[in-house]
Amino acid sequence: MELLFLGTGSGVPSKGRNVSAIALQLLEERGATWLFDCGEATQHQILHTSVRPRRIERIFITHLHGDHIFGLPGLLGSRSFQGGETPLFVYGPAGIRSFVETALTVSGTRLKYELHIEEFTEGVVFEDEQFIVTAKLLDHGLPSYGFRIVEKDLPGTLLVDELRALGVKPGPIYQQIKRGELVTLDNGTVIDGRKFVAPPKKGRVVVMMGDTRYCEASVELAKQADVLVHEATFSAEEAHLAHDYYHSTTLQAAEVAKRAEVKQLILTHISSRYQGEMCERLVEEAKTIFPNVALAFDFSSFPIIRKGNDE
Ligand SMILES: [Zn+2]
Ligand SMILES: [Zn+2]
């Protein structure tokens, strides 16, 4: 599991930062990539990475501002040209369907794969046996949502070494033990399967915020996440601008991370007014409140390691 930032700028593209898009690489977990937002030229950014458009399985849109969706029609069309045949799911707030369908229809774009567009409000956006994604409304000029992506816990592994030490050889009996049953061995001993299975592996939690002012909903959504991706459009001293334009400052993002007790904070959606050393200053500001913080640049990647076990 890895986060790959494709665009980290706010509002309009600059030479150093394209507009918003983040890939959540789930190659080991499910051979797929999920995309969060798709600003203009996201498909150009993808060309510089190992992301394959046909592997993109789901696209989650936080809100309908142009810097988060104008890359969508182009990417959907290119995915078809590049041999994408598997279904693609796009989730977004009300209006995403008419935006995508209008762009595809008027441009005569025909897709060779099934496109499913789902408009969501708060609550569960997607769930399968592996992940659950929920959305919460934030505070922005248009309805803007944050996503909480929760990987479900994996069952613990069988403690094979301990079984071998007892002389229990591999076979169908291992399945019974793994299910936690009481098992009678050949020598008459009864063992409790539950004692030979390691504790479940905790799933990881990633929270992706859409554009927002500082708000309570952010803190609730981010509770104890492994990684929180939060916008920091402005520096601490521009709090008035952040408020007027429905955005956050470095300090506000850090305050959310601290109150939510997340493990790591990544700042993105950075205004083009901050370049070079000024970006380091943004990080220093955030660190005064929350120590484990990084600022994303285009093509930054962050592995998300499972905590509390040896994998
Ligand atoms: Zn934006
Ligand atoms: Zn916005």
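In this predicted model, the largest pocket is lined by 12 residues. Those nearest its centre are Met1, Glu28, Glu29, Arg204 and Ile304. The space in this pocket comes to about 270 Å³. Two elements give two or more residues to the lining, strand S2 (21–26) and helix H1 (27–30). Of the elements, H1 gives the most to the lining, with 3 residues.

The metal site holds two zinc ions. The zinc ion (ligand 1) has four protein donors, Asp67 (OD), His68 (NE2), Asp211 (OD) and His269 (NE2), lying 2.2 Å from it. Along the chain these donors follow the spacing D-H-x142-D-x57-H. The angles among the 4 donor atoms run from 91 to 166 degrees, and the site is irregular. The upper end of that range rules out a tetrahedral site, because a tetrahedral label needs all angles between 85 and 135 degrees.

Asp67 belongs to helix H3, whereas Asp211 sits in the loop between S12 and H8; the pair links parts of the chain 144 residues apart. Are these two residues buried or exposed? Asp67 has a relative accessibility of 11% and counts as buried, because the cut-off for buried is under 20%. Asp211 is also buried, with a relative accessible area of 3%.

The zinc ion (ligand 2) is coordinated by His63 (NE2), His65 (ND1), His140 (NE2) and Asp211 (OD), at distances of 2.2 to 2.4 Å. The spacing of these donor residues in sequence is H-x1-H-x74-H-x70-D. This site is irregular as well, with angles of 89 to 168 degrees among its 4 donor atoms. His65 is in the loop between strand S4 (56–60) and helix H3 (66–69), and His140 is in the loop between strand S8 (131–137) and strand S9 (145–151), so the two histidines tie together parts that are 75 residues apart in sequence. With a relative accessible area of 28%, His65 is partly exposed, while His140 is buried at 10%.

Which residue connects the two metal sites? Asp211 bridges the zinc ion (ligand 1) and the zinc ion (ligand 2), and these ions lie 3.5 Å apart.

The nonpolar interior comes next. The largest nonpolar core has 32 residues, and those with the most contacts inside it are Val207, Leu228, Val262, Leu265 and Leu267. Two or more residues each come from strand S12 (205–208), helix H8 (216–222), helix H9 (239–244), helix H10 (250–260), strand S14 (264–268), helix H11 (277–287) and strand S15 (293–295). H10 gives the most to this core, with 5 residues. Leaving aside residues up to four places away in sequence, Leu228 touches Val207, Met209, Ala222, Val256, Ala257, Val262, Gln264, Leu265 and Ile266. A second, separate core has 29 residues, including Leu24, Phe36, Val229 and Ala296.

Thr268 is placed in strand S14, an element that also gives residues to the largest core. Thr268 is buried, with a relative accessible area of 8%. Among the residues Thr268 touches are Val229 and Ala296, both of which are in the second core. Its other contacts, not counting residues up to four places away in sequence, are Phe5, Gly7, Thr8, His230, Glu231 and Ala232. Thr268 and Ser20 are 248 residues apart in sequence, yet 8.5 Å apart in space, C-alpha to C-alpha.

Terms used
Residues numbered from 1 in each chain as written. Chains lettered and ligands numbered in written order. Predicted model: local features only at pLDDT ≥ 70, side-chain atom pairs only at ≥ 80, totals over all residues. Heavy atoms only, no water. Core = buried A, V, L, I, M, F, W, Y, C linked by side-chain atoms within 4.5 Å. Buried < 20%, exposed > 50% of the residue type's maximum accessible area, 1.4 Å probe, protein only. Helix = DSSP H or I, 4+ residues; strand = E, 2+ residues; numbered from the N terminus. Contact = heavy atoms within 4.5 Å. Donors = N, O, S within 2.8 Å, 3.2 Å for Na, K, Ca; no water. Tetrahedral: all angles 85-135°; square planar, octahedral: opposite > 155°, others 65-115°. 1 Å grid on protein atoms, 1.4 Å probe; cavity = no way out; pocket = protein on both sides within 12 Å on 5 of 7 lines; lining within 4 Å. Points joined across faces, edges and corners; volume = space filled by probe spheres on them.
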